[in-house]
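Please look over the sequence and the structure below before reading on. The paragraphs that follow go through the strands, then a pocket, and then one residue beside that pocket.

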Amino acid sequence: MIDIFNELNEFGVSCDVVDPLVDKEELAQEYGIQTVDLHPDFSAKKEYSAIIFAVSHRELVDHFKPYVIRECLQDGGVVFDVKNVLDVSEVRALGINYLSL
């Protein structure tokens, strides 16, 4: 996740990191990365052009069901499923652009 974050930042991409299991203080001190907390209205923003699943934590997968992902993404947004944790058919059935490794 660190490498992905840093690479995107080098290209001027603004990133939010969401990981309820990460040690926030350690991530901030060692890598200068701040995290965003999951909260009930997190998905109501529709502000993301991409969502990258770079970890496979059950808490994230359980929270980001395909319908929640759709609510977070801007029209034409894409999901990159690095860890192959999402149900591809469910995601695509909602019209979400899906890519995986």
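Two strands are taken to pair if DSSP finds at least two bridges between them, and the elements themselves are DSSP runs numbered from the N terminus, with helices being H or I runs of at least four residues and strands E runs of at least two. This is a predicted model, in which local features need pLDDT of at least 70 and side-chain atom pairs count only at pLDDT 80 or more, while totals for chains, interfaces and linings use all residues. Residues are numbered from 1 along each chain as its sequence is written, and side-chain values use heavy atoms, with hydrogens and water left out.

Strand β2 (residues 73–81) pairs with strands on the strength of two sets of bridges: four join β2 to strand β3 (residues 97–100), the two running parallel, and five link β2 in the parallel sense with strand β1 (residues 48–53). Within the pairing of β2 and β3, V79 stands opposite Y98 and F80 opposite L99, whereas on the β1 side A50 stands opposite V78 of β2. Helix α5 (residues 88–93) joins β2 and β3 in a right-handed β-α-β unit; right-handed here means that, with the strands pointing away from the viewer, the path from the first strand over the helix to the second runs clockwise.

The largest pocket holds about 630 Å³ of space. A pocket is an open set of points on a 1 Å grid over the protein atoms alone where a 1.4 Å probe fits, with protein on both sides within 12 Å along at least five of seven lines, and its lining residues have an atom within 4 Å of a point. The volume is the space filled by probe spheres set on the points, which are joined across faces, edges and corners. Of the 26 lining residues, D16, V17, A50, I51 and I52 lie nearest the centre. Strand β1 gives the most to this lining, with six residues, and α1 (2–10), β1 and β2 each supply at least two.

D16, one of the residues nearest the pocket centre, is found in the loop between α1 and α2 (24–31). D16 has a relative accessible area of 39% and is therefore partly exposed, the class between buried (under 20%) and exposed (over 50%) with a 1.4 Å probe and protein chains only. Leaving aside residues up to four places away in sequence, D16 touches V36, E47 and Y48, where contact means heavy atoms within 4.5 Å.
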